[in-house]
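Biologist: Got a minute to go through this one with me? I'd like to take it residue by residue and then get to the ligand.

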Amino acid sequence: MESDTSRNIVVGVAGGIAAYKACHLVRNFTEHGDRVRVVPTSAALNFVGAATFEALSGQPVSTTVFDAVDEVAHVRIGQEADGIVIAPATADLIARIASGRADDLLSATVLVATCPIVVASAMHTEMWLNPATQANVATLRSRGIVVLEPAHGRLTGKDSGAGRLLEPEQIASLSREVFNGSTLPHTWSGKKVLITAGGTQENLDPVRYLGNRSSGQQGFALAEIAAQRGAEVSIIAANTDRLPTPAGAKITSVRSARDMLSAVIEQAPQQDIIIMAAAVADYRPHYEADMKLKKGKDDSALGTLALTENPDILRHVVKMRDQGSLNPEAVIVGFAAETGDEHHSAEELAVAKLARKGCDLLMCNEVGEGKVFGQPLNSGVLLLRGEDPAAPVRRTITQGSKLSVAIQILDAIDGLGHCQN
Ligand code: CTP
């Protein structure tokens, strides 16, 4: 959940080329109202100068336990921290933390701290996958330190793969969830998760379309949390905002509801969890003009728009499971964007929708002008289908960032029992 409290944040920086991204991370926290103390390793200062970190944080920067000895800095910084995030963390720093070393200011700070700690690593794929690093990462996780899954992509040289540092805004927003109390458990390795996100667009002619206001943020937040739980994540993204790719996620870009249906049909059979967060256009123009429709000339087409109903992708997936073409244990989650009407509340409409769609969980959002679509906060009610589809179990999703809502939804999926590792 987002918090308005400003915190004492320590940003640890190890010696890797991605150290420059730590500057954006520091800026992100200070703009959020936090007090930031940057603690680099001496190797980090080969990449970014102390003056840069001092200017961005407004606090002195030191790498050794022998500076500010009168203030006992090697103990005080860790004691006073409300949260520590290390970005980038190298294989060497992770090894030093795992073995409890305290031979520089950063490792000493980590050893002293009792606050939540987030480690965002950056290294070459071979180093990340090396059993030594993986064992050290497992050690850190077993001690309650959140080690984020790295991004996949271009690395320092010509190579690319797992080990790239996540973008600063991803690290900052995931860290905030951890500082607010989430443990981001790494319990979904081996699980495959498919998420639809964004809003479909249905062409009227080459320049016009029917669409909706969905930005894709909630779908990407779900993907981000599933990826950080260790799952293999695929996103089918319809016209989403420019959002950073969640760690290791595969993205298939689509435009219309029919494109989305084809991608879902292809990818659903391999999945353990399918979350349909996209806002799918219920109708498309009956005719798609090859050339731009003209005022005066094409008035009849523009004045009265003939529409054709789109396929219902969620119902199609439920049917695939009923017919045996999906993993029979697959969990299917739908979203209900409701405004309520003169006779029914948004939630009553969602209860009817859960029964109609046949999915296992339905997240009901109240939408409308300025609510949910494109907004930073979300909330709602999660309905879990029980014996009687007309009387689902109801769980309040408390208001928070889209990551916080994603955490609550994925926790509910865990609560179904058969998704636990
Ligand atoms: N959905 C879908 N295919 C459609 C329409 C919706 O898969 N053609 C999915 C959405 O991704 C979402 C859920 O169904 O998970 C509910 O979407 P919503 O737009 O709220 O419901 P509709 O079925 O379109 O019902 P209505 O618009 O009448 O409320």
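Biologist: Let's start with Tyr209: is this residue buried, partly exposed or exposed?

Modeller: Bear in mind that this is a predicted model. Tyr209 sits in strand 10, residues 209–210. Buried would need under 20% and exposed over 50%. Tyr209 has a relative accessible area of 42%, so the label is partly exposed.

Biologist: And which side chain makes a polar contact with the side chain of Tyr209?

Modeller: Leaving aside neighbours within four places in sequence, Tyr209 is in contact with Gln201, Glu202, Asn203, Leu204 and Arg255. One of these also has a side-chain polar contact with Tyr209, at 3.5 Å: Gln201.

Biologist: How far is the C-alpha atom of Tyr209 from that of Arg284?

Modeller: Along the chain, Tyr209 and Arg284 are 75 residues apart. In space, their C-alpha atoms are separated by 8.7 Å.

Biologist: Now Ser256: buried or exposed?

Modeller: Ser256 is in the loop between strand 12 (250–254) and helix 10 (257–267). Beyond its neighbours within four places in sequence, Ser256 is in contact with Thr200, Gln201 and Glu202. Its relative accessibility is 13%, so Ser256 counts as buried.

Biologist: On to the ligand: which element gives the largest share of the shell around the ligand?

Modeller: The shell has 15 residues, with Met276, Asp282, Phe335, Lys353 and Lys357 the closest. Helix 12 (313–322), strand 16 (331–338) and helix 13 (346–357) are the elements that give two or more residues to the shell. With four residues, the largest share comes from strand 16.

Biologist: How many residues of that shell are charged?

Modeller: Nine residues of the shell are nonpolar and one is polar. That leaves the charged group, which numbers five.

Biologist: What share of the ligand's exposed area does the protein bury?

Modeller: Let's go through the polar atoms beforehand. A backbone N or O atom of Pro311 lies 2.9 Å from a ligand nitrogen, while a polar backbone atom of Phe335 is 2.9 Å from a ligand oxygen. For Lys353, a polar side-chain atom lies 2.6 Å from an oxygen atom of the ligand. Taken alone the ligand exposes 570 Å², and the share of that buried by the protein is 80%.

Biologist: Last one: which residues does UniProt give for the "domain: Flavoprotein" feature?

Modeller: That label comes from an unreviewed UniProt entry. Over the stretch in question the chain is 41% helix and 22% strand, with the end C-alpha atoms 16 Å apart. The record places the feature at residues 8–173.

Notes:
Residues numbered from 1 in each chain as written. Predicted model: local features only at pLDDT ≥ 70, side-chain atom pairs only at ≥ 80, totals over all residues. Heavy atoms only, no water. Near = heavy atom within 4 Å. Polar contact = N/O pair within 3.5 Å; in protein donor to acceptor, adjacent residues only side chain to side chain. Areas by Shrake-Rupley, 256 points an atom, 1.4 Å probe, with all protein chains shown as cover. Nonpolar A, V, L, I, M, F, W, Y, C, P; charged D, E, K, R; others polar. UniProt positions renumbered as here; feature names shortened; annotations may be inferred. Buried < 20%, exposed > 50% of the residue type's maximum accessible area, 1.4 Å probe, protein only. Contact = heavy atoms within 4.5 Å.
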